[in-house]
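Me: I have just opened a structure that is new to me. Could you help me see what the words used for it rest on?

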Amino acid sequence: MNTVEGWEKKIRRVIPYVAGEQPKTEGVIKLNTNECPYPPGMGVKAALREFDYENLRLYPDMDAGALVDALATYYGVRPGQVFVGVGSDDVLALSFMAFFHGEKPILFPDITYSFYDVWAEVFRIPWETCPLDGEFRIRKEDYLRPNGGIIIPNPNAPTGIFEEISTLEEIVRANPDSVVIIDEAYVDFGGESMLPLLEKYGNLMVVQTFSKSRAMAGMRIGFAIGNEKLIGYLKDVKFSFNSYTMNMPALAAGVAAIKDDAYFKETVEKIIRTREWTKGQLARLGFHVTDSRSNFLFATHKEIPAAEIFQALKREQIYVRHWDRPRISNYLRITVGTDQQMEILVETLAKYIKEREYD
Ligand code: PMP
């Protein structure tokens, strides 16, 4: 089957993004896709229960007005500055299409969210990576050269490391001719948002998601905030592609989630506490763990290869993430679960490490 058919020569060939495994078996401890271990708040449950299914015969509001207004009020911006999409992946993909249309390569860190190069490839955008330093920190000088746009996650994934706002601000300021996207998927877990800088920089856009801190990965809601002109260009591309992306139940649930701020804060605080406890335990077991400001930990063991630990955990039905990629192949990314899940993880690791010593 190696023959290339004539029609195949006209195909847009891409190597797709590979998401974390979604095991179908029961009883698995799933710490591999940075989902929230807690359900969304009761307001979301009520909104879905009260949703009148008869409305489904109609198209949803293509401007997603209710959700856009709720987000604008929450973040203290004008509704025209807010764009919502089907998860931040949707928002980011459309942003790549809209903003990265220059001839020079776009720039992003060498260790980062592995969807960026996939979007660049699918949209035929030239790209180059900028190596993080030995501590996985951004070297801002790398971004002070001609480019077609910049995207940086803060905190970064999968390292969890938060970059000082002042460093990123310098990058934004030095690149008035490029759009700079800051992907803040994990910012609620102890980072600091670039949102307050939007008034100052027309070329800055911030992207966030409901998938992590708002416990709604299954609902697929993401959003971008930028100045009205920039967001206007993004909307033009979106409405040239698919007008009705946000479905009615997602809009209703999204509004309810934003209104329940107390639950949101409580959930985030719980995850941060569990993260710090787990970090201490992993250090005790001989891991080096980065200073994560996200809902995951990035850890490497001083003796045992990450690939081996990954398999050992999988045998015990604990799923974490491992990439066989340069510079990070000896690291594991572990999503912060409930206290109980993390206790099981720590016990399982301790047992494995002990038994291995006596082998
Ligand atoms: N950005 C980063 C850095 C991520 O890790 C993720 C989650 N895989 C996303 C964006 C996309 O998340 P979602 O589409 O669920 O909003």
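What follows is a talk about the reasons behind those words.

Me: Before we start, what kind of model is this?

Reply: It is a predicted model, so every value below is computed from it.

Me: What makes the chain as compact as a globular protein of its length?

Reply: Start with its make-up: the chain has 10 helices and 12 strands. Its radius of gyration is 21 Å, and the globule rule gives 21 Å for 359 residues, so the chain is as compact as a globular protein of that length. Along its principal axes, the C-alpha trace spans about 65 × 55 × 50 Å.

Me: Why is the largest cavity called a cavity, and what is its volume?

Reply: The word applies because a 1.4 Å probe fits in such a space but cannot get out. The volume of the largest cavity is about 90 Å³. The structure holds two cavities of 30 Å³ or more, and the second largest has a volume of about 40 Å³.

Me: How do you know which residues line the largest cavity?

Reply: A lining residue has an atom within 4 Å of a cavity point. For the largest cavity, the residues that line it include Pro 40, Val 44, Arg 214, Asp 260, Tyr 263 and Phe 264. Helix 8, residues 261-284, gives the largest share of this lining, with three residues. By class, the lining has six nonpolar, three polar and two charged residues.

Me: And what lines the second largest cavity?

Reply: Among its lining residues are Leu 132, Phe 136, Asn 154 and Glu 163. By class, five are nonpolar, two polar and one charged.

Me: What makes a pocket something other than a cavity?

Reply: A pocket is an open set of points, whereas from a cavity the probe cannot get out. The largest pocket here has a volume of about 800 Å³. Its lining counts 41 residues, and Tyr 17, Tyr 113, Ser 114, Tyr 186 and Arg 333 lie nearest its centre. Helix 3 supplies the largest share of that lining, four residues. The lining divides into 18 nonpolar, 12 polar and 11 charged residues.

Me: Arg 333 was in that list; where does Arg 333 find its bridge partner?

Reply: Arg 333 belongs to strand 12, and its bridge partner is Phe 298.

Me: How do you know that strand 10 and strand 12 pair?

Reply: Two strands pair if there are at least two bridges between them. Four bridges join strand 10, residues 296-301, to strand 12, so the two count as paired. They run antiparallel.

Me: Why are strand 9 and strand 12 called edge strands?

Reply: The open sheet has three strands in the order 9-10-12, with antiparallel pairing. Strand 9 (287-289) and strand 12 (332-335) each pair on one side only, and that puts them at the edges. From one strand to the next, the twist averages 35 degrees. Helix 10, residues 339-358, packs on the sheet and touches strand 9, strand 10 and strand 12. The direction of helix 10 makes about 145 degrees with that of strand 12.

Me: One last residue: what makes you say that Pro 249 touches Leu 48?

Reply: Contact means heavy atoms within 4.5 Å. Leaving aside residues up to four places away in sequence, Pro 249 touches Leu 48, Phe 51, Leu 56 and Met 219. Pro 249 is in helix 7, residues 248-259. The C-alpha atoms of Pro 249 and Glu 50 are 9.9 Å apart, with their places 199 residues apart along the chain.

Notes: Residues numbered from 1 in each chain as written. Predicted model: local features only at pLDDT ≥ 70, side-chain atom pairs only at ≥ 80, totals over all residues. Heavy atoms only, no water. 1 Å grid on protein atoms, 1.4 Å probe; cavity = no way out; pocket = protein on both sides within 12 Å on 5 of 7 lines; lining within 4 Å. Points joined across faces, edges and corners; volume = space filled by probe spheres on them. Nonpolar A, V, L, I, M, F, W, Y, C, P; charged D, E, K, R; others polar. Axes fitted to C-alpha atoms, helices over the stretch in contact; angles between N-to-C directions. Rg over C-alpha atoms; globule rule 2.2 N^0.38 Å.
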